[in-house]
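This report describes the fold of one protein chain, working from its hairpins and sheets to its core and its less certain end. Please keep the sequence and the structure in view while reading.

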Amino acid sequence: KQTRKIKVSGYLTRSDGKNVVWLNNKNTLDSSTIDDVTVYSGSVGKNKKVTISVGGKTARLRPGETWSEDSDISDTIK
């Protein structure tokens with residue numbers, strides 16, 4: 001089984017106030033869920049991080065950071 005990795009490429013706040021996040025080269029323009037990863041767009045930008053959840057686990061990542069399914073989730077949330 002291949003370990004899934006989630007990379008936050010970046011985010012921006014649009015002029016209408018909506019946040020758009022890029023994960024694994026896809027964006028949240030049309031949906032807050034990308035490949036069953038939920039992006040909490042309301043939390044975008046706090047401490048320059050993006051909050052995501054996948055498979056019942058939650059992580060906060062800065063743009064450029066990657067989270068993998070087999071990583072210790074407590075290392076990611078700071």
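In the hairpin of S1 and S2, five residues lie between the strands, and glycine 17 has a positive phi near 95°. The hairpin of S2 and S3 has two residues between its strands, and there asparagine 24 takes a positive phi near 45°. These values belong to a predicted model.

**Overall layout**

The protein contains eight strands and one helix. Along the sequence, their pattern is β-β-β-β-β-β-β-β-α. Of the 78 residues in the protein, 32% are buried. The accessible surface comes to about 4900 Å², and carbon and sulfur atoms hold 46% of that surface. Among contacts with a separation of 6 or more, 31% link residues that are 24 or more positions apart.

**The sheet with both hairpins**

One open sheet is made of four strands in the order S3-S2-S1-S8, with antiparallel pairing. S3 and S8 are its edge strands, and each pairs on one side only.

Strand S1 covers residues 5–13 and is joined to S2 by five bridges; the two run antiparallel. Two bridges connect S2 with strand S3, residues 26–27, again in antiparallel fashion. Several facing residues can be picked out in these pairs. Threonine 13 stands opposite asparagine 19 in S2. Tryptophan 22 faces asparagine 27 in S3, and leucine 23 has lysine 26 in S3 as its bridge partner.

How much of strand S2 is buried? Four of the five residues in this strand, which spans residues 19–23, are buried, so S2 is largely enclosed by the rest of the structure.

At the S8 edge, serine 68 is part of a strand made of residues 66–68. Is serine 68 buried or exposed? The cut-off for buried is under 20% relative accessible area. Serine 68 has 10% relative accessibility, so it counts as buried. Apart from neighbours within four places in sequence, serine 68 is in contact with Thr3, Arg4 and Lys5.

**The other sheet**

Another open sheet has four strands in the order S4-S5-S6-S7, and its pairing is antiparallel. Strand S4 (33–34) and strand S7 (57–61) are at the edges with a single partner strand each, so one side of each has no neighbour in the sheet. Strand S6, residues 50–54, is joined to S7 by five bridges, and the two run antiparallel. In this pair, valine 50 stands opposite leucine 61 in S7.

The pairs of strands with stated bridge counts are set out below.

| Strands | Bridges | Direction |
|---|---|---|
| S1 and S2 | five bridges | antiparallel |
| S2 and S3 | two bridges | antiparallel |
| S6 and S7 | five bridges | antiparallel |

**The nonpolar core**

The largest nonpolar core has 14 residues, of which Ile6, Val21, Leu23, Val50 and Ile52 touch the most other members. S1, S2, strand S5 (37–40), S6 and S7 are the elements that give two or more residues to this core. S6 gives the most, with three residues.

What does valine 21 touch, leaving aside its neighbours within four places in sequence? Its contacts are Val8, Gly10, Tyr11, Lys26, Asn27, Thr28, Ile34, Val39, Val44 and Val50.

**A loop residue with a polar contact**

Aspartate 36 is located in the loop between S4 and S5. Not counting residues up to four places away in sequence, aspartate 36 touches Arg4, Ser53 and Val54. The side chains of aspartate 36 and arginine 4 are joined by a polar contact of 2.7 Å. Aspartate 36 is also 8.2 Å from glycine 55, C-alpha to C-alpha, although 19 residues separate the two in sequence.

**Confidence in the model**

The mean pLDDT of the protein is 86, and 88% of its residues reach 70 or more. Which elements have the lowest and the highest mean pLDDT? Helix H1, residues 73–76, has the lowest at 49, while S3 has the highest at 96. Over residues 74–78, pLDDT stays under 50, and the model has nine contacts beyond four places in sequence for this stretch.

Terms used:
Residues are numbered from 1 along each chain as its sequence is written. This is a predicted model: local features need pLDDT of at least 70, side-chain atom pairs count only at pLDDT 80 or more; totals for chains, interfaces and linings use all residues. Side-chain values use heavy atoms; hydrogens and water are left out. Buried means under 20% relative accessible area, exposed over 50%, partly exposed in between (1.4 Å probe, protein chains only). Contact means heavy atoms within 4.5 Å. Accessible areas come from the Shrake-Rupley method with a 1.4 Å probe; for residues, only the protein chains shown count as cover. Two strands pair if DSSP finds at least two bridges between them. A nonpolar core is a set of buried Ala, Val, Leu, Ile, Met, Phe, Trp, Tyr and Cys residues joined through side-chain atoms within 4.5 Å. pLDDT is the predictor's confidence in each residue, from 0 to 100. A polar contact is a pair of N or O atoms within 3.5 Å; within protein, one must be able to donate a hydrogen and the other to accept it, and residues adjacent in sequence count only if both atoms are side-chain atoms.
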